[in-house]
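Welcome to this short tour. Please open your viewer, get ready to select residues by number, and follow along stop by stop.

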Amino acid sequence: MIIADLQIHSRYARACSKNTTLDLLERYAKIKGLDLLGTGDFQHPLWNKEIKEKLTEDENGILWSKTKFPFLWQTEISLMYKQDGKGRRIHHLIFAPNGEVANQIIDFLGSKGRLDYDGRPIFGFTSIELVDFMRDIDQDIEIIPAHCMTPYFGLFGSKTGFDTLKDCFKDNTKYIHAIESGMSADPPMLWRLKEDINIVSFSDAHSYWPWRIGRESTIFECKLEYKEILKAIRTKQGLNSTIETVPDYGKYHYDGHANCNISLSPEETKKVDGMCPKCKKALTIGVQYRIEELAKEPENYKPKEFIEYKRLIPLHELITTVYGMKQLTSKKVWTIYNNLIKNFNNEFNILLNINEEELKKVADEKLVDVIIKNREDKLKIIPGYDGGYGKVILDESKTINENKDKSLTDF
Ligand SMILES: [Zn+2]
Ligand SMILES: [Zn+2]
């Protein structure tokens, strides 16, 4: 079993932690319980140099660190173009089968624009052209529309996206095998769109911290080879399941205005005609609303064939909530977290496998209760909206109140 997070960013991508290194990504991937990471941003000249210095590629297209942690050639680009009379902005993940092909992609992208100003560079060609260009280089390059529901950069986004895959890719739709769910959507929401497409899930982590990397990931049941991963994404054979966050936890689940403190469900948004009751401007429409708009099937629809999924909130988030702390990064949260990791190896093991009795030997029973609720997908969450994360809420009797302490970092 391979738990993989194949949507990583380097420190050269905008709005990402300036401290990210391959060493730190590996260190926290192991703590998280991940078995494979994307390199992130492989076309960025400085990050590319670091990849080549730090990692060694094997004959199956997997890159290994000196301490034997595997990576796969991965990047994300942003396309901005006009199609069918409307401005489009779509992010796509790109996986490359080996370093040689990655170099050809870099040469190609470099001929279309600068690569050095942002780890997630912008280009003006269309998604249709992207498929053609990549297929000209190598048919084993995989393109996956990233965080496909987010309003501004998702393929199905309410602001600059399309209504269907076919509208976006036209005849090239057949070369798209999977979409990435993003945090604000999960497979049951996407099934309702009735697109004939596989679903994968990755974190889009902007730092290496364990509450970011792996928060969404995909579990493969195959050999650790690029070709096998590719086959799983393309055919479901070897695609075991996805780990999703609860969609309410995502930053664009509900509609609203962060500045106005207004958060609305899709029904409430309809009642106010999409206008903010406070500032009277158009609301930022979230993913749930957009799903309702595009859905061809009712809620709870299940396709005949589908890939299983789990919904999990990161452990740091749980500890922070139970102990009533303000910051995920507080020292106290780390102390409790590290003690759990010391006893049970990694976070996914704690969140998914270790039984209640064992957990109680190491952690407060209120925290254990929340870990089990998380595993059973029974946590209550106030939905995120307009770029702010959702929040786990607990009855007061389920929390532990202690003095707040200082945060260590902003990321
Ligand atoms: Zn993106
Ligand atoms: Zn407003």
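## Stop one: strand 1 and its partners

Select strand 1 (residues 2-5) and strand 12 (residues 217-220): these two pair in the antiparallel sense over three bridges. To find a matching pair across them, click on Ile 2, which stands opposite Phe 220 in strand 12. Before you go further, keep in mind that everything you see here is a predicted model.

Now add strand 2 (residues 36-38) to your selection. Strand 1 pairs with strand 2 in the parallel sense, over two bridges. Here the residue to click is Asp 5, opposite Leu 37 of strand 2.

Next, show the side chains of strand 1. Which residues point one way from strand 1, and which the other way? Ile 2 and Ala 4 point one way, while Ile 3 and Asp 5 point the other way, and all of them are buried.

## Stop two: a four-stranded sheet

Move along to strand 6 (residues 74-83) and strand 7 (residues 86-95). They pair in the antiparallel sense over 10 bridges. For a landmark, pick Thr 75 and look across to strand 7, where Ile 94 stands opposite.

Widen the view to take in the neighbours. Four strands form an open sheet here, in the order 8-6-7-9, with mixed pairing. Its edge strands are strand 8 (122-123) and strand 9 (142-145), each of which pairs on one side only.

## Stop three: two loop residues

Select Lys 236, in the loop between helix 7 (226-235) and strand 13 (239-244). Lys 236 is not a glycine, yet its phi is positive, about 75°. Is Lys 236 buried or partly exposed? Lys 236 counts as partly exposed, because it has 16 C-beta neighbours inside 10 Å.

Then jump to Asp 386, in the loop between strand 17 (380-382) and strand 18 (391-393). Asp 386 also has a positive phi, of about 45°, although it is not a glycine. Asp 386 counts as buried because 22 C-beta neighbours lie inside 10 Å, and the cut-off for buried is 20 or more.

## Stop four: helix 10 and its surroundings

Two packed helices are described by the angle between their axes and the distance between the axes. With that idea in hand, select helix 10 (residues 315-322) and helix 11 (residues 331-344). Their axes come within 10 Å and cross at roughly 125°. Helix 10 and helix 11 are therefore oblique to each other. The crossing in which helix 10 passes helix 11 is right-handed.

Who makes the contact? From helix 10, show Leu 315, His 316, Ile 319 and Thr 320; from helix 11, show Val 333, Ile 336 and Tyr 337. Sorted by class, this contact of helix 10 with helix 11 has five nonpolar residues, two polar ones and no charged ones.

Stay with helix 10 a little longer. How many of the eight residues of helix 10 are buried? Eight of the eight are, and the helix is mostly covered. The buried residues are Leu 315, His 316, Glu 317, Leu 318, Ile 319, Thr 320, Thr 321 and Val 322. To see what covers them, switch on the surroundings, which include helix 11, helix 12 (347-352), helix 14 (365-375) and strand 18.

For the last click of the tour, step just past the end of helix 10 to Gly 324, which takes a positive phi of about 60°.

Terms used:
Residues numbered from 1 in each chain as written. Chains lettered and ligands numbered in written order. Predicted model: local features only at pLDDT ≥ 70, side-chain atom pairs only at ≥ 80, totals over all residues. Pairing = 2+ DSSP bridges. Axes fitted to C-alpha atoms, helices over the stretch in contact; angles between N-to-C directions. Parallel < 35°, antiparallel > 145°, perpendicular 65-115°, else oblique. Left-handed = near helix turned anticlockwise from the far one by under 90°. Contact = placed C-beta atoms within 7 Å. Nonpolar A, V, L, I, M, F, W, Y, C, P; charged D, E, K, R; others polar. Buried ≥ 20, exposed ≤ 12 C-beta atoms within 10 Å, placed from the backbone.
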